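Student: Could you take me through one part of this model slowly, the place where the two chains meet? I'd also like to hear how each chain is put together behind it.

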Amino acid sequence: MKNRSLVSINDYSKEEIMQILEIAAEFEKEPHQNLLNGRVIASLFFEPSTRTRLSFESAIQKMGGNVVGFSSAATSSVQKGESLKDTILTVCNYSDLIVMRHPVDGSARYASEVATVPIINAGDGANQHPTQCLLDLYSIKKTQGTLENLEVTFVGDLKYGRTVHSLVIALCQFNTKFHLVSPVELKLPSAVKRHIKEANLQYEQYTDFSEVIPKSDIIYMTRIQRERFPDPLEYEKVKNAYILDNSMLDNSRENCRILHPLPRVNEISIDVDSNPKAYYFEQALNGVFVRQALIAAILGLK
Amino acid sequence: MNNKRKELIVSAISNGTVIDHIPANKLFQVIRILDLEKSDKEVYFGTNLESKKYGRKGIIKISEKYFEANETDKIALVAPTATLIEIRDFEVVKKSTVNIPEHVEKIAKCFNPNCVTNKEQVPTKFKVIKVDGEIKLACHYCEKNTSQNNMVFH
Ligand SMILES: [Zn+2]
């Protein structure tokens with residue numbers, strides 16, 4: 001992985017993914033490791049994303065690195081019409097690695113081709129968000145002890161959720177059985193389903209949520225957004241059909257854990273938070289360890 | 001049907017290229033992607049002609065024109081069944097089918113308006129894939145697939 005950019009989760013092999021997760025476990029045991037020792041990492045957020053930015057910057061600082069960059073395009077030279085290529089080439093002069101978030105699909109791949117330092121994609125438009133995928137995999141492995149042969153249930157907006165797409169594709173390498181729960185309007189796109197079929201894995205699609213809960217090792221919840229429905233009446237019909245409350249977990253498996261990429265709105269009731277099966281807040285913390293591991297691996301420090 | 005009558009359907013050319021076996025419904029798209037509207041050479045075309053192999057086909061004849069690889073790649077993407085016939089002095093000197101390329105660079109546009117190739121000065125790059133028999137262009141940058149009907153060329 002040394003000196004290689006991470007743009008899409010498919011850029012890394014299964015072995016490389018497992019290696020990152022192992023290094024992340026070391027950082028979880030000992031988060032403060034002065035590996036960067038004053039190195040400079042650029043954090044370029046062409047669109048704001050406070051959660052992701054704080055997670056990366058916390059990872060860098062826990063490793064003794066320095067951060068340069070900007071947190072929105074409004075405070076950068078992009079505002080003056082500078083091309084992405086020029087911005088990236090300039091920043092390469094001042095940093096050993098670039099973390100970038102950009103609203104345009106494919107911008108991170110392009111940046112990785114013009115840059116002289118490695119790029120970590122922190123989200124490019126509707127396309128990819130590979131570090132979210134790594135932290136999801138880490139959370140699954142940590143709570144289940146393995147990534148192999150699990151039954152994973154995805155709930156909510158499976159059509160537009162890019163975190164769902166990346167995770168489904170990544171899990172195709174681990175003999176997963178998929179349960180896909182969504183309103184008909186928001187089913188998993190066929191381009192993503194193709195990966196499941198090509199890997200010869202089992203999947204089932206449901207519109208009713210409750211019946212799959214007892215079959216799940218992981219329940220991955222997502223938010224259904226009102227904007228996705230051209231007809232507001234359609235939204236009203238489904239909005240309460242995919243809400244998880246504590247009583248629904250009564251007959252869930254002992255090892256079952258609830259994940260959510262956050263922020264949540266109302267799709268997980270507050271009464272689930274105190275259930276030991278709720279894992280979404282720890283999941284976010286795992287993001288820091290995974291990002292530390294990734295930075296260390298790309299810079300050849302681990 | 002004898003040869004005389006066949007010629008009357010679409011006029012013969014002395015030198016140039018005949019593109020035969022174009023699916024009838026793709027004829028105008030082929031005309032568009034080759035930019036034939038702007039050609040100052042003689043151009044003849046016909047469509048919904050009977051074809052033993054393909055049911056109904058389209059045909060284009062262009063005087064004094066011989067195609068380069070990047071142009072035949074474009075034809076292959078929208079009309080994979082097409083045959084190219086090179087004519088010199090009224091004689092057929094070469095007949096070839098088009099090959100679907102594995103990759104195409106620069107010639108096609110990505111249909112995704114939010115793709116970096118449509119937002120910055122980035123040359124396009126695609127892998128040619130087949131989904132349920134249909135040719136699609138998988139964008140190297142935004143990872144979205146452009147289907148045949150959405151193909152637009154530079
Ligand atoms: Zn594209």
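Tutor: Let's go straight to where the chains touch: 17 residues of chain A are in contact with 15 residues of chain B, contact meaning heavy atoms within 4.5 Å. Keep in mind that this is a predicted model, where local features need pLDDT of at least 70, side-chain atom pairs count only at pLDDT 80 or more, and totals for chains, interfaces and linings use all residues. As for bookkeeping, residues are numbered from 1 along each chain as its sequence is written, chains are lettered from A and ligands numbered from 1 in the order in which they are written, and side-chain values use heavy atoms, with hydrogens and water left out.

Together the two chains bury about 1200 Å², with 45% of it on carbon and sulfur atoms. Buried area here is the accessible area (1.4 Å probe) that two parts lose on being put together, summed over both. On the chain A side, the residues losing the most area to chain B are A:Val104, A:Asp105 and A:Tyr110, which together make up 38% of what that side buries.

Now for the polar side of things. There is 1 salt bridge between chain A and chain B, a salt bridge being a side-chain nitrogen of Lys or Arg within 4 Å of a carboxyl oxygen of Asp or Glu. You'll find it between A:Glu113 and B:Lys125, whose closest N and O atoms are 3.7 Å apart. The interface of chain A and chain B also has 8 residue pairs in polar contact, both residues at pLDDT 80 or more. That term means a pair of N or O atoms within 3.5 Å; within protein, one must be able to donate a hydrogen and the other to accept it, and residues adjacent in sequence count only if both atoms are side-chain atoms.

Which helices of chain A should you look at? Both α3 (84–92) and α4 (107–114) of chain A supply at least two residues each to the side that touches chain B, and α4(A) gives the most, with 4 residues. Helices (H or I, at least four residues) and strands (E, at least two) are DSSP runs, numbered from the N terminus. Sorted by class, this side of chain A has 5 nonpolar, 7 polar and 5 charged residues. In that sorting, Ala, Val, Leu, Ile, Met, Phe, Trp, Tyr, Cys and Pro count as nonpolar, Asp, Glu, Lys and Arg as charged, and the others, Gly among them, as polar.

Next, look inside chain A. Its domain assignment gives domain 1 (31–128) and domain 2 (131–284); such bounds come from an automatic or database domain assignment. The C-alpha centres of these two domains of chain A lie 29 Å apart, and their contact takes 11 residues from domain 1 and 5 residues from domain 2. Between them, domain 1 and domain 2 of chain A bury about 550 Å², 42% of it on carbon and sulfur atoms. The count of salt bridges between these domains of chain A is 0, while 2 residue pairs are in polar contact, both at pLDDT 80 or more. On the domain 1 side, α2 (50–62) and β4 (119–124) of chain A each supply at least two residues, and β4(A) has the largest share, 4 residues.

Chain B is assigned two domains as well: domain 1 (16–97) and domain 2 (103–150). Their centres, taken over C-alpha atoms, are 24 Å apart, with 9 residues from domain 1 of chain B and 7 residues from domain 2 of chain B in the contact. The area buried between these domains of chain B is about 620 Å², and carbon and sulfur atoms give 64% of it. On the domain 1 side, B:Lys26, B:Lys74 and B:Leu77 supply 62% of the buried area, more than any other three residues. The domains of chain B have 0 salt bridges between them and 3 residue pairs in polar contact, both at pLDDT 80 or more. Helix α3 (residues 69–78) of chain B gives the largest share of that domain 1 side, 6 residues.
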